[in-house]
Amino acid sequence: MAAINPAKDHYRITYGEEVYVSDMDGEKVMMSIHTGKYYNLGFTGGRIWELAEFSPSIEDIVTVLTNEYEVDEEQCRQQVHTFVAELEREGLLRLLRELN
């Protein structure tokens, strides 16, 4: 797995561009209004999308997911970083650096 930047654990995520989101048998699917692309986030990706509504930090998301699922914290952290980075590249999520 690619190395992650631990400083980004404290970055907050928020929704990016406008999308239509639907729940299909528990999985989140969406369509980007700007590109017309469809995305299937699955169950866990859908959960991350739901959490993004509250602009959590990546660390907050990892905490929620490790409490809800039987997953190793470091493995979860790696996967969350990868997932968020992918959605950020697609313009669906934005990372906001938290200023202290």
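Buried residues make up 36% of the 100 residues in the protein chain. That is a handy place to start with this structure, which is a predicted model.

**The chain as a whole**

Welcome to the overall layout. The protein chain has three helices and five strands. Reading from the N terminus, its elements follow the order β-β-β-β-α-α-α-β. The radius of gyration is 13 Å, close to the 13 Å that the globule rule gives for 100 residues, so the chain is as compact as a globular protein of that length. If you picture a box drawn along the principal axes, the C-alpha atoms fill roughly 35 × 30 × 25 Å. Contacts tell a further part of the story: among those in the protein chain with a separation of 6 or more, 56% come from residues 24 or more positions apart.

**Two helices that pack together**

Now let us turn to a pair of helices. Two packed helices are described by the angle between their axes and the distance between the axes. Here, helix α2 spans residues 58-68 and helix α3 spans residues 73-89, and they pack at an angle of about 130 degrees with their axes 9 Å apart. This angle makes α2 oblique to α3. As for handedness, the crossing of α2 and α3 is right-handed.

Which residues in α2 and α3 meet? On the α2 side they are Ile 58, Ile 61, Val 62, Leu 65 and Thr 66. Their partners in α3 are Glu 73, Cys 76, Arg 77, Val 80, His 81 and Val 84. Sorted by character, the residues of this contact comprise seven nonpolar, two polar and two charged.

**Two residues with positive phi**

Finally, have a look at two loop residues. Asp 25 has a positive phi although it is not a glycine, and Ser 55 likewise has a positive phi without being a glycine. The table sets out their values.

| Residue | Phi | Loop | Relative accessible area |
|---|---|---|---|
| Asp 25 | about 55 degrees | between β2 (19-24) and β3 (27-32) | 77% |
| Ser 55 | about 50 degrees | between α1 (42-52) and α2 | 24% |

Is Asp 25 buried or exposed? With a relative accessible area of 77%, Asp 25 is exposed. Ser 55, at 24%, is partly exposed. To find them in the model, look for Asp 25 in the loop between β2 and β3, and for Ser 55 in the loop between α1 and α2.

Definitions and conventions
Residues numbered from 1 in each chain as written. Predicted model: local features only at pLDDT ≥ 70, side-chain atom pairs only at ≥ 80, totals over all residues. Heavy atoms only, no water. Axes fitted to C-alpha atoms, helices over the stretch in contact; angles between N-to-C directions. Helix = DSSP H or I, 4+ residues; strand = E, 2+ residues; numbered from the N terminus. Parallel < 35°, antiparallel > 145°, perpendicular 65-115°, else oblique. Left-handed = near helix turned anticlockwise from the far one by under 90°. Contact = heavy atoms within 4.5 Å. Nonpolar A, V, L, I, M, F, W, Y, C, P; charged D, E, K, R; others polar. Rg over C-alpha atoms; globule rule 2.2 N^0.38 Å. Buried < 20%, exposed > 50% of the residue type's maximum accessible area, 1.4 Å probe, protein only.
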